[in-house]
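Please look over the sequence and the structure shown here before reading on. The briefing that follows goes topic by topic.

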Amino acid sequence: MILNGCAYEKEVMQVLSRGGWPAACPVELRTHVNACRSCADMVQVTASFQREREVAASAARIGTPGALWWRAQLRRRNAAVERIAKPLMGAHLFALFVCAR
Ligand SMILES: [Zn+2]
């Protein structure tokens, strides 16, 4: 992979950064990229990174605020039930022990 020494490198990077490759790219530049190995490699690498970034961004979505709030409320309620259930179980065992005597 060679990424230096081409006069069109800056133009190709501008088209790639705007997301205009290959639809909004001028025909002359596209023809050059097909002939220049340096620019072709740059296009391939940059397009791969852009695709992976889109995939990662779509996977990182956390959902709607309503669903997030509902999950937080459910988690808080379950924690409160667990906090109360432990002493109650001890009281039940103590009452069973007192009654069994
Ligand atoms: Zn080139």
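C6 is buried because its relative accessibility is 17%, and the cut-off for buried is under 20%. The model is a predicted one. C6 is also one of the protein donors of a zinc ion, and the points below start from that site.

**The zinc site**
- The zinc ion has four protein donors: C6 through SG, H32 through NE2, C36 through SG and C39 through SG.
- These donors lie 2.1 to 2.4 Å from the zinc ion.
- The arrangement is tetrahedral because the 4 donor atoms subtend angles of 97 to 118° around the zinc ion.
- For four tetrahedral donors, the ideal angle at a metal is 109.5 degrees.
- Along the sequence, the donor residues follow the spacing C-x25-H-x3-C-x2-C.

**Residues at the site**
- H32 is part of helix α2, which covers residues 27-35.
- With a relative accessible area of 18%, H32 is buried.
- Leaving aside residues up to four places away in sequence, H32 touches C6, Y8 and C39.
- C36 is buried too, at a relative accessible area of 15%.

**Disulfides**
- A disulfide is a covalent bond between the sulfur atoms of two cysteines.
- The whole structure contains 0 disulfides.

**Domains**
- The protein chain is split into domain 1, residues 1-61, and domain 2, residues 63-101.
- Taken over C-alpha atoms, the centres of domain 1 and domain 2 are 56 Å apart.

Conventions. Residues numbered from 1 in each chain as written. Predicted model: local features only at pLDDT ≥ 70, side-chain atom pairs only at ≥ 80, totals over all residues. Heavy atoms only, no water. Helix = DSSP H or I, 4+ residues; strand = E, 2+ residues; numbered from the N terminus. Buried < 20%, exposed > 50% of the residue type's maximum accessible area, 1.4 Å probe, protein only. Contact = heavy atoms within 4.5 Å. Domains from an automatic or database assignment. Disulfide = S-S within 2.5 Å. Donors = N, O, S within 2.8 Å, 3.2 Å for Na, K, Ca; no water. Tetrahedral: all angles 85-135°; square planar, octahedral: opposite > 155°, others 65-115°.
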